[in-house]
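Colleague: Could you take me through one part of this model up close? I'd like to look at the salt bridges and at what sits around them.

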Amino acid sequence: ILMSLLAPQSHAQESSKPPESQKALTPLKIQVVFNEFEGERKVSSLPYVFFMNADETSRGRETSLRMGLRVPVRVQSQDKDQTQYMDVGSSLDCWASALEGGRFKLELRLDRSSVYAASPESKSAEWRPGDAPLSSLPIVRTFRSSVNLVLRDGQALESVLAADPVSGRGLKVEVTLNVVK
């Protein structure tokens with residue numbers, strides 16, 4: 001009887017590692033910058049900064065950031081013109097977890113949209129300045145990306161490079177991680 005009472009206690013002592021749900025949280029500051037280029041010339045830079053805790057974020061508990069505006073769009077239905085609104089701007093979702101050696105795994109879902117405005121400076125293989133406007137209604141440029149990055153405290157990484165097929169503008173996304181002390 002004495003042995004059976006001691007066995008569970010010795011097993012509990014052997015397992016000194018805290019359960020996954022009790023893993024220490026690490027506060028992080030994440031910066032995501034959307035840089036837009038025409039050739040080598042930077043034409044815009046949109047920074048977004050948010051704070052989160054590594055290892056607190058199980059699916060469904062991500063850190064989210066939304067910034068934008070609602071653009072009116074005409075819709076014809078049953079011989080009537082109606083106005084509806086569509087969201088345009090930036091949407092960022094992030095999950096973070098601590099790895100060994102002071103590194104962090106970031107899972108980022110990035111959405112960026114903007115209203116396309118044709119101008120004489122626009123360059124494109126498909127649409128040329130002086131051509132008829134593509135539409136009298138707003139044309140929305142979209143960018144979507146899901147990335148998984150491993151970063152250390154203070155590290156910045158250019159994670160995505162994409163080109164707009166209509167205007168030829170390039171988009172570079174830079175991600176920086178800092179541990180909040």
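Modeller: Sure, let's start with arginine 141 and aspartate 164, which form a salt bridge with their closest N and O atoms 2.3 Å apart. This pair links distant parts of the chain: arginine 141 is in strand β6, aspartate 164 is in the loop between β7 and β8, and 23 residues separate them. Keep in mind as we go that this is a predicted model.

How covered up are these two? Aspartate 164 counts as buried because its relative accessibility is 14%, and buried means under 20%. Arginine 141 has a relative accessible area of 22%, so it is partly exposed.

Now stay on arginine 141, because it has another partner: glutamate 36 forms a salt bridge with arginine 141 too, and here the closest N and O atoms are 3.6 Å apart. That pair also links distant parts of the chain, with glutamate 36 in strand β1 and arginine 141 in strand β6, 105 residues apart. Glutamate 36 counts as buried, since its relative accessibility is 14%. Zoom out a little and you'll find a network of salt bridges that links Glu36, Glu38, Arg41, Arg141, Asp164 and Arg169. As a bit of background, side chains of opposite charge can pair when their charged atoms come close.

The count for the model comes to 10 salt bridges. Another one to look at joins the side chains of arginine 109 and aspartate 93, at 3.1 Å from N to O. Arginine 109 sits in strand β5 and aspartate 93 in strand β4, 16 residues apart, and this pair links distant parts of the chain as well. With a relative accessible area of 3%, aspartate 93 is buried, while arginine 109 is partly exposed at 34%.

Next, the strands around our starting point. Aspartate 164 is in the loop between β7 and β8, and those two strands form a hairpin with six residues between them. In the turn, glycine 168 has a positive phi of about 85 degrees. Strand β7 (residues 156–163) pairs with β8 in the antiparallel sense over seven bridges. On the other pairing, strand β1 (residues 26–38) and strand β8 (residues 170–179) run antiparallel and are joined by 10 bridges. A handy residue to click on is glutamate 174 in β8: it is the bridge partner of valine 33, and it is also the bridge partner of glutamate 158.

Strands β1 and β8 also turn up in the largest nonpolar core, among the elements that give two or more residues to it; the others are β2 (41–54), β4 (80–98), β5 (103–116) and β6 (139–152). This core has 25 residues, and Ile30, Val32, Phe50 and Val175 touch the most other members. Try valine 32: leaving aside its neighbours within four places in sequence, its contacts include Phe50, Leu92, Leu110 and Val175, and Glu174 is also among them. In soluble globular proteins, nonpolar side chains tend to be buried together.

Some nonpolar side chains are on the outside, though. Val49, Phe51 and Val180 form a nonpolar patch on the surface, with about 250 Å² of accessible area together. Valine 49 lies in strand β2, and it counts as partly exposed because its relative accessibility is 38%.

Terms used:
Residues numbered from 1 in each chain as written. Predicted model: local features only at pLDDT ≥ 70, side-chain atom pairs only at ≥ 80, totals over all residues. Heavy atoms only, no water. Pairing = 2+ DSSP bridges. Helix = DSSP H or I, 4+ residues; strand = E, 2+ residues; numbered from the N terminus. Core = buried A, V, L, I, M, F, W, Y, C linked by side-chain atoms within 4.5 Å. Buried < 20%, exposed > 50% of the residue type's maximum accessible area, 1.4 Å probe, protein only. Contact = heavy atoms within 4.5 Å. Patch = residues over 30% accessible without salt bridge, like charges linked within 9 Å, V, L, I, M, F, W, Y side chains within 5 Å. Areas by Shrake-Rupley, 256 points an atom, 1.4 Å probe, with all protein chains shown as cover. Salt bridge = Lys/Arg side-chain N within 4 Å of Asp/Glu carboxyl O.
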